[in-house]
Amino acid sequence: MADQGEKKEWKLEHPDESCTAEEKHTTSPQTGLSPTGNQTQNFLANDEQNMSPGIKCQASDCLMEEVTHNKIMEPLSHQEIAAPDTLPSTELEEMGATFGQDKNIIHAKDELKLKKDEPTSFANQSGRPCEPYPFHRYHDTYRYVEGSFLNIPESGALNLTEPCHEFKSFINTTDETKMCKFTTDVIKFGAACMNTRTNGTIHFGIGDKPSFTHGQVLGVVVDDKEAYGAKLKSEIDCYFEHKHKRSAQMCIKPPRFVGVLNKDMTSSKKCVIEVDIVPDSTICGENFYHTYSMSTKKKKSKVKETVTTETNPSKQFFVRDGGSSRNLFPHTTSAKDAKEYNDFIGSVEQRAQLRKQAEEKHLRVIKSSNQGSKLCQMITGGTASLDKSNYEQYVIVTNKSHSVQFESLGFLVELNPTAVLDFDPQSSENGLQQYFEKQSPVTVHLPDQYKITGDVEDIANNLQLTQNTNWVFCNGKIGEEEPSEINHWMMDKGASIQGVTSFLCRKDVLPNKRFLVVFLLLSTVSDTMDPLVETFSTFLQELKGTEQILCICDNKQAFTSWRDLIQARCRIDVSSRCIYELSLSEVNGTVLSLWSENRRSGHFLPCGGGGKVILEKEMERSLNTLDVLCVNQCEGGNEDKIAIEENFYKGGKVSWWNFFYSEQPGSTPFIKRDKFAYITDTVIPELCSERKACMLLNLIHIPGCGGTTLAMHTLWALRDRFRCAVLLDNNADFAKVADQVVTLLNYKCEEQLPHVPVLLMIDDFDEMERVFDLQQLIENECVKRQSQSKSAQVILLNCMRSESSEHDQKEPTKDTVFIGNKLSEEEQKQFQQKLKETNKMYANVDTFYKFMVSKVKLVTKYFQGVVSHTLKSFKTDMSATHLLLLLACNEDNPGAALYLPPFRNVFSYQPRQVCQTTKVEELFGKYSSLVTNVNVDDFAVRLISPQIGRLCWNEIASQNDLTPEQVISVCMDVYKRSFSTNRPSYRRR
């Protein structure tokens, strides 16, 4: 029985048996209901002149009886009658009913009672519009609400990149036929989109007319989600031609299962199954796609009365035609059918070109966003540091969460909010409150507990406001208070939430202007009656503006809906107080990086626009072929600055610490070579605009002129705009390297397009062919992982040696920059300034040969003096001199490193322990200033500069009055005494 206050419109048709078919047309063709009294009079007035006299009389009697019927039935429809036989005839007569009508009224009243007892059907429910799940995404936390409807029509091709849509209710399908219907409909839709070259999404669990509201969210229960993906993959191989199977697998994406919430925002077991189609121009080209299904025919034998079954493949060619898919393949000899099919086939080349043009209009170039920096400013009140934030307290307002979001919500715990206003009634069971409480204590409350019934300080103490985070369940709590549907929340719970906001905004509760209200939208808000909209309005009034309000939306779609709702409700544009271009993991990393303690203990990668994500230690260790350069590299470290800089200036390889220390207060900036700005500001940005996934930049340099240092300086300067890394081992498996590079590219931003590109430095490759091999493998991995983009994703910075000094005069090209050994006047000035600084800090600057050779022009003359001074009293019978001789003998192989362990028989050198670093000073004594460790391999050494080798050779021969043959003889003696089977090992640096 319906509630007494429930009003339902009801009009029942009871035409007299003498009425003709024409008279029955007075029933509304849309609803099947009879017209009201006014409609009847209008009908008679308008159509009376067109009736014959006999028809006119019959129609008049019939329609006037209908008017009397409606007049009588209207009051009855609002009365509660236990049973129709209790209606006394006197009451019917008082209403004006005749005896003939009595029986009809009693019958109608019985029907009315049954109608009131019927549950409301889907078709009669008034849902609210909602956005579809973001196209070509899988990890968004967006969910539908049962009874709402998608605000998009079923359509054909639009602009080719905007997806078309098709709805399938999928609720009247038996378990035996569900999978078959699913795969058949998907392949039909997919082939149609591929041939038409349009993006598209087919939805299962979305209703359509006439049974439901167009686009109505119904949802279906799926027990085995993996079975749908596996079955679709196998059926694609069966339906498409062999040559097109791979293309179809790439264009028809795996199914997505979008959760469906109940109307009170609690979880249900239902979901909507969606499949996206993306016929990328690089995949489809100018191909067209037929499909083959098996058709079954029954055939009767002429000889015997038997029936046999024949199964034949049926060829099909689907295209999008309006809101449906149509088969154009001609199965008849009709010239019209053949012409339509042939015309479409002839237009495929043009369609492919249009698709390519449509994609180029939406090039995913790196966005010039500043939302990461904006978040840093807004959440700290302008200090960009949470150690010195202008806000002392934080209040969080949030809604329905998803379990996949929890790993990106660590910043909430770090913020230590005073209160969390949670509108998820299931939050303590499987939501945010359960996650938060595992890491920080909370005190759970219902809104009524904030009602001011006494002294404010006593209420705050009872709430434990200053002890633990107050967790307020604003839409009920499962097991304690029933949640309300959106339409009823304002009446049921609105007043109590106003009490909570008023209490928290009192100046004697939270410090005035010193707390921030953060609206964390974990689910899309799409209804003007949503409790969060009303709560925002309440805070807006209490705080008298948006200055203390920050809104964080999980994606741009959620932001657009939120902005429009606030605009309609509060008449303000909230865009300037919203963060929406950062994913939740990027928000998490950005906020966590604002604490100095976190910067010292963790590593962060850039995500564009000033945002950051955390590089988990497990992931960092797994990228074992790469030395990943993080945004906060070296922060919190305690390396010996003097030792690091001495090693570098004496000829050691530059490290990240050299750049870090040069940026500290009181230090002179690291010297920038003339080509530095050209590389960072011109060459690399131009390469990023290219459509190829992996672009190559060659940095060709003469040995010893600082090419490697320039390349590493480039990475350091761009570490907040690129995900930078250095290849650790040139002999590593390139397939493994490519896999790790793309993993770094996609890390925590797989669907956050466009990606921040990877800038990978590779150093000292012998052959360009190997560089091209690595480039191709990275491109293949991007395709395999579907990380293609319309802009470059990986930049290979190839730092390669060249012996030709002619490069000094060569102009750079689009992908190649040349570095010679001559310093410009500007570079000379920078070196002189740096020398003044080093003279103040170090007493042994004269031994900083690498630095000194950089600041003087006559390199050879300078080194002659260094070598003569160092090799005074050189004795050929000393162990250290044997090693130096071997290095000098290898002067034709610039930059070669000498592997030390084979020489342990010659002198007292012992191989280093696992955790021990070999020191050059211990091995070479006073000659150590000419030699340096190789960083990658600590038990290998090399000369500090290629020029040193020939000079050492000549100096040794001159001082000891030895001919070149005699020098070689000494070296051979070392060989004979040291090795029985092995030769000394030289390695390229």
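## Where two helices meet

Which residues in α18 meet Trp562, Leu565, Ile566, Arg569 and Cys570 in α19? In this predicted model, the α18 side of the contact is made up of Leu532, Val533, Glu534, Phe536, Ser537 and Leu540. Sorted by class, the residues where α18 touches α19 comprise 8 nonpolar, 1 polar and 2 charged.

Now for the geometry. Two packed helices are described by the angle between their axes and the distance between the axes. Helix α18 covers residues 531-543 and helix α19 covers residues 556-570; they pack at an angle of about 55°, and their axes are 10 Å apart. Angles under 35 degrees count as roughly parallel and those from 65 to 115 as roughly perpendicular, so α18 and α19 are oblique to each other. If you turn the structure to look at this pair, you will find that the crossing of α18 and α19 is right-handed.

## Backbone spots worth a look

Most residues other than glycine have a negative phi, and most peptide bonds are trans. Here are some places in the model to compare with that pattern.

Start with the bond from Lys209 to Pro210: this peptide bond is cis, and its omega is near 5°. To find Pro210, go to the loop between β5 (200-204) and β6 (220-221).

Next come two residues with a positive phi. Leu160 is not a glycine, yet its phi is positive, at about 75°. Look for Leu160 in the loop between β3 (149-150) and β4 (164-168). Is Leu160 buried or exposed? Its relative accessible area is 13%, and since buried means under 20%, Leu160 counts as buried. Ala384, also not a glycine, has a positive phi of about 60°. This alanine sits in the loop between α12 (371-380) and β13 (393-398). With a relative accessible area of 32%, Ala384 is partly exposed.

## A hairpin further along

How many bridges join strand β20 to strand β21? There are 4, linking β20 (residues 603-606) with β21 (residues 612-615), and the two strands run antiparallel. One pairing to pick out on screen is that of Pro606, whose bridge partner in β21 is Lys612.

Together, β20 and β21 form a hairpin, with 5 residues between them. In the turn you will meet Gly608, which has a positive phi of about 90°.

Terms used: Residues are numbered from 1 along each chain as its sequence is written. This is a predicted model: local features need pLDDT of at least 70, side-chain atom pairs count only at pLDDT 80 or more; totals for chains, interfaces and linings use all residues. Side-chain values use heavy atoms; hydrogens and water are left out. Axes are lines fitted to C-alpha atoms, for helices over the stretch in contact, and angles run from 0 to 180 degrees between N-to-C directions. Angles under 35 degrees count as roughly parallel, over 145 as roughly antiparallel, 65 to 115 as roughly perpendicular and the rest as oblique. A crossing is left-handed if the near helix is turned anticlockwise from the far one by less than a right angle, and right-handed if clockwise. Contact means heavy atoms within 4.5 Å. Ala, Val, Leu, Ile, Met, Phe, Trp, Tyr, Cys and Pro count as nonpolar, Asp, Glu, Lys and Arg as charged, and the others, Gly among them, as polar. Buried means under 20% relative accessible area, exposed over 50%, partly exposed in between (1.4 Å probe, protein chains only). Two strands pair if DSSP finds at least two bridges between them.
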